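Got your viewer open? Let's take a short walk through this one, a stop at a time.

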Amino acid sequence: MQDIFVKDIAQYLGQEVRLKGWVRNIRSSGKLLFIIFRDGSAEIQAVAFKPEMGEQAFEEAKRLTLESSVILTGVPQKHQKKTGEYELSVSSVQVLQIAENYPISKKEHGPDFLLSHRHLWLRSTKQWALLRIRHTVYYAICEYLNDHGFFRFDSPILTPNACEGTTTLFELEYFDEGKAYLSQSGQLYLETGIMSLGRVYDFGPVFRAERSKTRKHLTEFWMMDAEAAYVEHTENMDIQENLIRHVIRTVLAKCDKELDILERDKSALQAADAPFKRMTHYEAVEHLRSKGSEIGHNDDLGAADETLITEGSQVPIFIEKWPKQIKAFYMKRDPDDDNLVLGSDLIAPEGFGEIIGGSQREDDYDQLLSRMQAENMDLEAYQWFLDLRKYGSVPHSGFGIGLERLITWMSGVHHIRETIPFPRMIYRIYP
Ligand code: 4AD
Ligand code: MG
């Protein structure tokens with residue numbers, strides 16, 4: 001007899017097969033027992049009929065509870081009422097474990113309760129869909145980069161220096177070497193990689209001691225940093241745009257069912273797969289002020305500004321050429337305006353906010369040094385980074401995608417915490 005996955009059920013109509021999984025739900029009515037069965041790949045209704053199974057086996061199957069683990073043998077058939085769906089006509093039930101009274105039920109649970117039961121919550125249909133979208137987004141990003149000449153280059157997580165300023169650093173004692181920090185972004189290390197491989201990317205967890213308790217912030221999240229030699233600011237945005245559009249198309253093509261489960265408006269995603277808008281920070285501020293925001297010309301955009309700026313836009317918007325004092329030290333100065341840097345933020349539509357931060361990098365040794373000095377940075381910890389500007393410096397650019405921000409947008413969920421298996425936030429480290 002063949003062991004199969006529920007997703008492949010249509011290929012086995014009329015043949016006896018075995019399915020291994022869990023009970024999502026169960027109800028009995030007279031001589032019939034209906035088991036909503038799932039195996040990770042999909043769900044199916046399994047129907048046991050007492051006269052066919054025999055009294056004893058039927059009574060044994062009736063003991064099954066929510067989330068019990070079970071192996072079902074039976075014959076797949078077309079669903080009696082729903083076209084395009086299948087059911088399993090059960091011939092035998094092998095119980096592996098009868099689950100205790102399952103804490104997550106159909107009734108509404110508060111977010112705190114669910115987050116404290118995250119290890120179980122992950123099995124619910126909506127979380128299953130989100131985990132699968134996460135897998136697909138991850139896959140699509142890597143696929144695009146691999147197909148466009150980027151090599152994977154793994155940046156370290158324990159570092160002697162900060163990448164994105166010192167206010168959100170997680171610090172630890174590193175043996176006799178003094179303080180070390182958990183990486184906020186692998187970017188600086190990627191800049192070494194391009195001098196060897198030309199185009200590189202990393203993909204892994206990064207850490208920010210963010211005090212902000214918003215629906216867009218995690219303290220541990222996944223970032224894909226990409227970096228490319230001989231790529232300048234405008235081409236850097238082109239790469240980001242093509243990559244994000246590839247992700248949208250892949251998610252639409254591979255996650256149709258998952259998007260339905262999440263009730264995601266697919267037409268909004270389809271509409272976002274079109275040329276992105278670009279505006280300077282100056283233009284963005286002017287536009288926001290005309291819409292009532294009190295943002296100033298040297299201010300970062302707040303969450304409300306990010307929503308306002310994309311209002312009425314179906315596509316993401318790049319905000320480029322930022323005042324240097326509100327951007328990181330490594331961004332290249334704008335040759336046309338010494339107060340600006342060639343950085344860009346990509347803001348997703350529908351209020352999902354910033355999903356990418358990127359820039360052309362300062363490749364001139366003296367310029368970089370003076371910027372670092374102006375920011376009172378510990379130059380010794382960054383000698384290696386400065387070295388890159390001494391030995392064959394080239395124009396180069398890169399960007400970092402916040403994986404969970406991108407998944408939040410693709411899936412349309414309200415809070416970022418559902419897009420990662422175990423969210424880490426200021427008030428939560430369990431489980
Ligand atoms: O804009 P950020 O800070 O840029 C960098 O770290 C650059 N070094 C990247 C690079 O050029 N290689 O972070 C990049 C992205 C943001 O646009 C956002 O999507 C996400 O990371 N992000 C967060 N996601 C979840 N929780 C947080 N606390 C985040 N902070 C940033
Ligand atoms: Mg940013």
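How many residues lie between β3 and β4 in their hairpin, and which glycine in the turn has a positive phi? Select the turn and you'll find four residues between the two strands, with Gly40 there at a positive phi of about 95°. Before going on, keep in mind that you're looking at a predicted model.

Now colour the strands on either side of that turn. β3 covers residues 32–38, and β4 covers residues 43–49. The two run antiparallel, joined by seven bridges. To see one spot where they face each other, show Phe34 and look across to Val47 in β4, which stands opposite.

Next, follow β3 back the other way, to β2, which spans residues 17–29. This pairing is antiparallel too, over seven bridges. Click on Trp22, and you'll see Arg38 of β3 opposite. β2 and β3 also form a hairpin, here with two residues between the strands. Pick out Gly30 in this hairpin: its phi is positive, near 65°.

So β3 has partners in both β2 and β4. Is β3 largely enclosed or open? Turn on a surface and check: five of its seven residues are buried, so the strand is largely enclosed by the rest of the structure.

For the last stop, jump to Leu158, in strand β8 (residues 158–159). Its relative accessibility is 45%, which means it counts as partly exposed, since exposed would take over 50%. Add Tyr174 and Phe175 to your selection: together with Leu158 they make a nonpolar surface patch of about 350 Å².

Conventions:
Residues numbered from 1 in each chain as written. Chains lettered and ligands numbered in written order. Predicted model: local features only at pLDDT ≥ 70, side-chain atom pairs only at ≥ 80, totals over all residues. Heavy atoms only, no water. Patch = residues over 30% accessible without salt bridge, like charges linked within 9 Å, V, L, I, M, F, W, Y side chains within 5 Å. Areas by Shrake-Rupley, 256 points an atom, 1.4 Å probe, with all protein chains shown as cover. Salt bridge = Lys/Arg side-chain N within 4 Å of Asp/Glu carboxyl O. Buried < 20%, exposed > 50% of the residue type's maximum accessible area, 1.4 Å probe, protein only. Pairing = 2+ DSSP bridges.
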